[in-house]
Amino acid sequence: MERITLFADVLLPLPLPGYFTYRIPFELNEAVMPGQRVTVQFGKKKIYSALVRRIHQKVPDIGTIKYILSVIDEFPIISEIQFSFWEWMASYYMCAPGEVMNAALPSALKLQSETKIMISPSFNGDISDLNEKEYLILTALQEKKSLTITEIAVLVGEVSVISTVKNLFEKGIVLPEEELMDKYKPKTETTVSLTESFINGTEQKQIIDSLEKKAPQQLKIVLFLFDLHLRSEEKHINRPDLLKKLNISATQLNALIKKGICEIDTRQINRLDDYTGVINQLPDMNIFQEQALTEIKKGFTEKEVVLLHGITSSGKTEIYIRLIDEVLAQGREVLYLLPEIALTTQIINRLRKVFGNTVGVYHSRFNESERVEIWNKVLKANEPVAGKSENIRIILGARSAIFMPFNNIGLIIVDEEHDSSYKQYDPSPRYNARDSAIMLAKKHNAKVLLGSATPSVESYYN
């Protein structure tokens with residue numbers, strides 16, 4: 001049987017124009033696919049994990065061509081739509097495709113020679129699942145605080161060890177040093193609620209009358225929390241959300257804490273915990289929400305993008321939930337963008353009470369283990385999960401969530417579409433997530449709903 005000489009154009013996470021061509025070794029002809037990561041030598045000494053863009057038989061017009069060293073992934077981690085989206089972004093925002101790749105992929109998926117590896121603080125000491133090379137690397141890391149990929153290659157006696165390091169990542173044993181130094185921190189939440197002494201006390205009326213005369217801003221806080229206590233299962237609210245929602249200063253809240261009317265509580269949150277609560281029915285809507293929903297659907301028959309202009313607390317989230325439910329019923333996915341990470345906690349709780357563990361969260365404050373885990377869950381959203389009936393089909397996140405490996409988006413919601421936080425100023429690509437989301441939706445043949453109480457001039461005009 002005649003062997004075919006194949007070449008691969010690969011994308012490197014570097015600020016360089018275009019793609020680079022490497023030859024595929026005969027023994028890897030059947031293993032290499034577009035969208036997979038492979039290890040390549042770039043320059044005289046540096047080793048990178050690169051993404052295969054396309055495979056062809058055209059011989060490059062250069063004297064010497066290097067070989068792909070190894071294949072990292074069993075299956076593609078990037079789709080054709082994502083490559084197309086990255087190329088549009090590189091062209092529109094005038095940067096290199098490698099810079100878009102650098103922004104899009106979690107750091108743990110972009111290994112190179114200089115990447116420093118450390119033992120993860122969460123490693124439980126179990127070495128029963130390690131092969132000889134992995135155990136050798138772990139032993140060296142226990143003696144020395146950190147090792148570069150190059151140092152590991154010398155230790156193991158192989159040119160390409162990125163696949164081995166990848167396995168250690170997946171087993172939760174190692175993490176990149178920069179992630180451990182800067183981002184490996186538990187997420188905490190500070191919440192506000194009324195004190196038990198105020199709720200059960202006999203002087204509520206006197207306190208409220210006093211606040212009405214002397215401190216109307218403080219009264220606004222008390223009445224909001226009292227209403228929350230009566231209407232909601234959760235008797236507390238995220239502190240930044242409360243201050244922003246009521247447009248009040250921390251001074252007013254601190255005064256109520258000193259008076260013993262309010263209290264704060266700080267607790268650690270595990271972002272990727274499974275939801276185990278009760279799944280509720282879809283929320284009821286009033287006549288105005290029903291009318292808005294009807295007009296949105298009518299707008300979607302004529303246009304791909306619709307603007308929902310509704311004042312604060314007018315019930316836009318209930319409309320979003322109805323539309324999400326219809327998209328999920330079609331077997332498609334939903335991307336729900338928010339301008340700030342701080343806003344996600346309250347929204348994720350509301351969505352999970354309706355959609356359960358089909359909801360996932362993704363943003364830049366996740367540590368590497370969490371980001372890679374959620375990336376893989378979205379990548380495998382269409383695969384059946386043993387023992388589970390739920391896959392992640394809704395992603396809630398800040399601007400970086402547009403880079404997730406979606407299979408089939410049906411709807412993108414851009415809440416607070418006017419917010420300047422959707423714009424990334426540095427480093428490159430300097431993109432606007434709202435505008436990029438509209439292009440991403442076009443590539444998936446999906447709809448976009450922009451929501452705001454104060455729409456941007458350009459969205460309102462469009």
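**Exercise 1.** Which residue in β7 stands opposite K116?

*Solution.* The structure is a predicted model. Start with the strand pair: β6 covers residues 116-119 and pairs with β7 in the antiparallel sense, over 2 bridges. Within this pairing, K116 faces T148 of β7.

**Exercise 2.** Place β6 and β7 in their sheet and find which strands stand at the edges.

*Solution.* The sheet is open, has 3 strands and runs in the order β7-β6-β8, with antiparallel pairing. The edge positions belong to β7 (147-148) and β8 (174-176); each has a single partner strand, so one side of each is left without a neighbour in the sheet. Next, add the helix: α5 (residues 162-170) lies across β6 and β8, and its direction is at about 110° to β8.

**Exercise 3.** Describe the open sheet of 5 strands, its edges and the helices on it.

*Solution.* The strand order is β2-β1-β4-β3-β5, and the pairing is antiparallel. At the edges stand β2 (20-24) and β5 (70-71), each with a single partner strand, so one side of each lacks a neighbour in the sheet. For β5, pairing is with β3 (residues 37-42), in the antiparallel sense and over 2 bridges. One bridge joins V38 to V71 in β5. Helix α1 (residues 80-92) lies across β1 (6-11) and β4 (46-56), at about 110° to β4. Helix α5 also packs on this sheet: α5 touches β3, β4 and β5, and its direction makes about 100° with that of β4.

**Exercise 4.** Classify the packing of α12 against α13 and list the residues that make the contact.

*Solution.* Take the geometry of the pair: α12 (residues 287-302) and α13 (residues 316-329) pack at an angle of about 45°, and their axes are 10 Å apart. That angle makes α12 oblique to α13. The crossing is right-handed. On the α12 side, the contact is made by Q289, A292, L293, I296 and K297; on the α13 side, by E318, I319, R322, L323 and E326. Sorted by class, the contact has 5 nonpolar, 1 polar and 4 charged residues.

**Exercise 5.** What are the overall figures for the protein: helices and strands, box, buried share and sequence separation of contacts?

*Solution.* There are 17 helices and 17 strands. Along the principal axes, the C-alpha atoms fill a box of roughly 90 × 60 × 45 Å. Of the 462 residues, 50% are buried, the cut-off being under 20% relative accessible area. Among contacts between residues at least 6 apart in sequence, 76% join residues at least 24 apart.

Technical notes: Residues are numbered from 1 along each chain as its sequence is written. This is a predicted model: local features need pLDDT of at least 70, side-chain atom pairs count only at pLDDT 80 or more; totals for chains, interfaces and linings use all residues. Side-chain values use heavy atoms; hydrogens and water are left out. Two strands pair if DSSP finds at least two bridges between them. Helices (H or I, at least four residues) and strands (E, at least two) are DSSP runs, numbered from the N terminus. Contact means heavy atoms within 4.5 Å. Axes are lines fitted to C-alpha atoms, for helices over the stretch in contact, and angles run from 0 to 180 degrees between N-to-C directions. Angles under 35 degrees count as roughly parallel, over 145 as roughly antiparallel, 65 to 115 as roughly perpendicular and the rest as oblique. A crossing is left-handed if the near helix is turned anticlockwise from the far one by less than a right angle, and right-handed if clockwise. Ala, Val, Leu, Ile, Met, Phe, Trp, Tyr, Cys and Pro count as nonpolar, Asp, Glu, Lys and Arg as charged, and the others, Gly among them, as polar. Buried means under 20% relative accessible area, exposed over 50%, partly exposed in between (1.4 Å probe, protein chains only).
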